[in-house]
Structure formats: structure tokens, C-alpha cells
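Here is a brief report on one protein model. It moves from the whole chain to pockets, helices and single residues.

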Amino acid sequence: MLCCVNILPTPLKMCMGMCLHQDIREEAKKAKLQSSKIEQDLFEQARSEINVFKILILGAAESGKSTLIKQIKIIHSHGFSKQELVSFKVHPAVLDNLLTSMKFVLRGMGMLRINLANKKNKIHARSILSCSQCMGDDQELLPFVAHAFCALWADLGVRAAASRGYEFELNDSALYFFENMSRIIAPNYVPTERDVLRVRVRTCGIIETQFQVNDVIFRLYDVGGQRSERRKWLRCFDCIQAVLFVVALSSYDMSLPEKPTVNRLQESLELFTSLCSNTVFNSTSVILFLNKTDLFQEKILHSGRHLRLFISSFKGADADVDAAAHHINAMFSACNSRADQPVFHHYTTATDTANIRVVFQMIIDQIFRQNLAAAELL
């Protein structure tokens, strides 16, 4: 090719050279513009992230993480719209929770050797146990299911078993749904925010929630607590400024649904230990939520399932709720070996909006103080 160029007339060679240089200049100009655009995008992204505070919410399954996210929506994001509330019926989360809870009680009756007080209710028990869905095509509760619910909840045997639900690990919200059954099974029922807080829907994947306080944008990342979901936690570690670890205090006598031989509180303790020892979180604030204090108090005071029976290191009195809670807190605090990064703890009831409002305000104030202190050091 070069030999062909050499035999061309001089004016033509000069023209080709000018064209080549012009092409190079155009490419360089495009590259410079592209580079400037990338730099500008990075600058804008960095500027937009200055006032963003990212919080990763971790914890074992059924510790109350998703309920906390719902509370944040109620407190800082104008709550749930009418359409969103209706969706909890249509899907139908509330009614499914009611159905699942009743099935649990009926199976628990066998374990506790409690019979139905009214033998005529056997047909209703069979219909509930064999029921796979409780809503018809009109998105309303099937009449035979509604009738079975009412008949069974009126049965003294069912109520006796439900009152001992801790013995067969009945879900936390079962009694709430049973006590509100007449409202829930009524035609044209629309779930309330309290119903939504109580409903249990398994978290799959990663759910991001965002809210703003003054000029600071908070982004909360909720991931599933089941063992199968934990591999997804690694995707959330980038640029996290705080980890909110949720522990269900009332789980001290319970086992994992996916592995019945493992104690739930022990599982939480092992998870928290791995969190504190992970170098990824060396500069990350860790906040511990000791959750479900209402259920914990009820269990310690009235169930006979004393903490010492499940945690041998506890030497306090059987009915001393505060001593029991402080002992569990000390177990988790001992997992943290970072002297420069203390673990801040709060006792919470995730279903209590007033409690979570106060606790989150304390966390926000703490974050603002830390940011102010960091700014003064710069």
C-alpha cells in the first residue's frame, strides 16, 4: 500500500495527509468530549451521593426487619395509599396469614392433645386443612372458608390451643388476626395499616426503601433473612455507612423453620459474630435492634419457658424481664471486638409505630452528630 502511495502525484499525497490528520483530530476531539462527559457524570454522581446515608438491615428470618421497613414508610413516607392497602387483601396476604395461622393451631391441637370442644367442627377443621386458597374469582373470601373460620374460633378447644401457641411456634401475629377475624372476613374488607404491619410476607431478594430528613436522603436495604437468601447480602456491602442488625428477643426458645435443630437466637448470635468480624464493616456503624420486646415480656412472665432453660449462662430470676433482656444484649455486645466501633443497641417493638418513631429519631440524631463531627475533622 505504501509503495502505491509513493508513486502518487505530490498534490494528491498532500491532500491525503491533510485528510488523515483531520480524521485524527476529529477522533481526539470526540475522545476528549467523551472523557469530559464521563468526568462530569462521575462528579454529578459523587455530588448527589454526598447527602445519601445507606443503611443495610440484616438479621435472621422473622426477626421483624420487614415490619421496620413498613414503619419507616408510615412515619417518613406518608404511609400506605388506599390502593396499596387493598393490594394486601387482593394478593391476598392478610387472608393467607389467617388461613395459615388456623392450620397451625389445628395441627398444634394434635401435638398438645387438645380436642375440639364441639365435635361438629371436625368438618370445618378438615375443610381448612385441605384449603389451598381462601378467595374466589370475585376477590372475596369464599363463604365456606368464612363460616369455618367463625365456627373454629368460637370453639374453646381451638382457643385453648391458640393460647399455648408458643409450644408449637405459632406465628407472632396469629392471635391478632384471630381477634380481628370478624372485621377481616367481612365483605368489602380493606386492610388497615395495623393489619399490614402484622402481616407476614417472606422477603425475597433485596428491597430498597428511601426517605429524606432535612437535606439527608436515607436508603434502607432489606434482604431476606432465610439461609437461602443470605448469599444476596454480599451485593449490598458497597458504600454502606451503617448496619442495622435485628434480633427477635422472643426467639430464645424457638427453632429455625428451615432447620428445626437450630435455635433461632443462637443462629442470630452466630450471624452477628460473623458481621462483627467481617473486615468489610471495619468502618461501618453497627446498630443492634433487640426486637419483639412485647412478646418477650409476655413469654418471660406467663409462659413458664424461662430463659435459664434455654440459655444456661443466665443466672437471673425467672420473672425478671429486664435482667433477661440485658443478658441477651450482653451476649451480642460480647461479639464485638472493635474498641473504636461500639455497638449501639435499642429495645424495640416493630409493630408499635410510636416506639419505632422515637428509636429512629434517636438514630437519625446520632447520624447527624457523627456527620457533623466528621466534617469538623476535615
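The protein exposes about 20500 Å², and carbon and sulfur atoms supply 56% of that area. Accessible areas come from the Shrake-Rupley method with a 1.4 Å probe, and for residues only the protein chains shown count as cover. The model is predicted: local features need pLDDT of at least 70, side-chain atom pairs count only at pLDDT 80 or more, and totals for chains, interfaces and linings use all residues. Residues are numbered from 1 along each chain as its sequence is written, and side-chain values use heavy atoms, with hydrogens and water left out.

**Overall make-up**

The protein has 15 helices and six strands. These are DSSP runs numbered from the N terminus (helices: H or I, at least four residues; strands: E, at least two). Of the 378 residues, 46% are buried. Buried means under 20% relative accessible area, exposed means over 50%, and partly exposed lies in between (1.4 Å probe, protein chains only). Contact means heavy atoms within 4.5 Å. Among contacts between residues at least 6 apart in sequence, 72% join residues at least 24 apart.

**Pocket and cavities**

The largest pocket holds about 540 Å³ of space. Its lining counts 21 residues, and the closest to the pocket centre are Tyr 166, Asp 172, Leu 175, Leu 295 and Glu 298. Helices H8 (156-163), H9 (174-179) and H13 (293-302) each supply at least two lining residues. H13 gives the largest share, five residues. By class, the pocket lining divides into eight nonpolar, six polar and seven charged residues. Here Ala, Val, Leu, Ile, Met, Phe, Trp, Tyr, Cys and Pro count as nonpolar, Asp, Glu, Lys and Arg as charged, and the others, Gly among them, as polar.

The structure also holds two cavities of 30 Å³ or more. The second largest has a volume of about 30 Å³. Its lining is made by Lys 89, Leu 95, Glu 140, Leu 141, Ile 184, Ile 185, Ala 186 and Tyr 189. Six of these lining residues are nonpolar, none is polar and two are charged.

Both kinds of space are found on a 1 Å grid over the protein atoms alone. A cavity is a set of points where a 1.4 Å probe fits but cannot get out; a pocket is an open set with protein on both sides within 12 Å along at least five of seven lines; lining residues have an atom within 4 Å of a point. Points are joined across faces, edges and corners, and a volume is the space filled by probe spheres set on them.

**Two helices**

The expected span of a helix is 1.5 Å times one less than its number of residues. Both helices below agree with it.

| Helix | Residues in helix | Expected span | Distance between end C-alpha atoms |
|---|---|---|---|
| H3 | twelve residues | 16 Å | 16 Å |
| H12 (264-277) | 14 residues | 20 Å | 20 Å |

H3 is mostly covered, with ten of its twelve residues buried. Among them are Leu 68, Ile 69, Ile 72, Ile 74 and Ile 75. Charged Lys 65 and Lys 70 are buried in H3 as well. Just after H3, His 78 takes a positive phi of about 65°.

In H12 the buried residues include Arg 264, Glu 267, Leu 271, Phe 272 and Cys 276. The buried residues of H12 pack against strands E1, E4 (242-248) and E5, and against helix H14 (321-333).

**Loops with positive phi**

Glu 62 has phi near 60°, a positive value in a residue other than glycine. Glu 62 sits in the loop between E1 (52-59) and H3 (65-76). It is partly exposed, at 27% relative accessibility.

Lys 292 also has a positive phi, near 65°. Its place is the loop between E5 (285-291) and H13. Lys 292 counts as buried, because its relative accessibility is 13%.

**Links across the sequence**

Asp 294 lies in H13 and is partly exposed, with a relative accessible area of 35%. Leaving aside neighbours within four places in sequence, Asp 294 is in contact with Thr 349 and Thr 351. Asp 294 and Thr 351 are 57 residues apart in sequence, and their C-alpha atoms are 9.5 Å apart.

Arg 194 belongs to helix H11 (193-198). Arg 194 is exposed, at 53% relative accessibility. Its C-alpha atom is separated by 9.2 Å from that of Thr 353, 159 residues away along the chain.
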